[in-house]
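Trainee: I have a new model to read. Can you walk me through the features?

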Amino acid sequence: MPWCPKCGAEFRPGFTECNTCHIPLIDHKPDGTETIPAPDPAEERARRRDRRRQRALRVLQTLIVILLALAAVFLLQGNG
Ligand SMILES: [Zn+2]
C-alpha cells in the first residue's frame with residue numbers, strides 16, 4: 001500500500017504522490033530497518049550545511065573565550 005513518509009497517510013495502489021504533501025509515496029510503511037527518504041534532499045542538504053556552520057561558529061566562540069581567559073591570566077601574572 002503506497003504510504004506518505006511525511007504525513008503517514010495510506011493511499012490506494014496506483015497513487016504515486018501524496019495529495020497533501022506533494023511528495024513521492026513509498027511502497028509500504030517502513031518497518032524500522034529502512035530509512036525514509038527525505039522530503040526535499042536539497043532543503044535537507046542546506047539545513048545540514050547550516051548546522052555545520054553554526055557548530056563551527058560555536059567552536060570559534062569557545063576558542064575566543066579561552067584565548068581571552070588565557071590573555072587575562074597572563075596579564076594578571078605580568079602585573080603580579
Ligand atoms: Zn503526505
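Mentor: Start with burial. A residue is buried if 20 or more other C-beta atoms lie within 10 Å of its own, exposed if 12 or fewer, and partly exposed in between; C-beta atoms are placed from the backbone. Here, 2% of the protein's 80 residues count as buried.

Trainee: How far should I trust the model?

Mentor: The model is predicted: local features need pLDDT of at least 70, side-chain atom pairs count only at pLDDT 80 or more, and totals for chains, interfaces and linings use all residues. Residues are numbered from 1 along each chain as its sequence is written.

Trainee: How many helices and strands are there?

Mentor: Helices (H or I, at least four residues) and strands (E, at least two) are DSSP runs, numbered from the N terminus. This protein has one helix and zero strands.

Trainee: Where is Cys7, and what does Cys7 touch?

Mentor: Two residues are in contact if their C-beta atoms, placed from the backbone, lie within 7 Å. Cys7 sits in the segment before α1. Leaving out residues up to four places away in sequence, Cys7 touches Cys18, Thr20 and Cys21. The C-alpha atoms of Cys7 and Cys18 are 8.6 Å apart.

Trainee: Is Cys7 buried or exposed?

Mentor: Exposed, because Cys7 has 10 other C-beta atoms within 10 Å.
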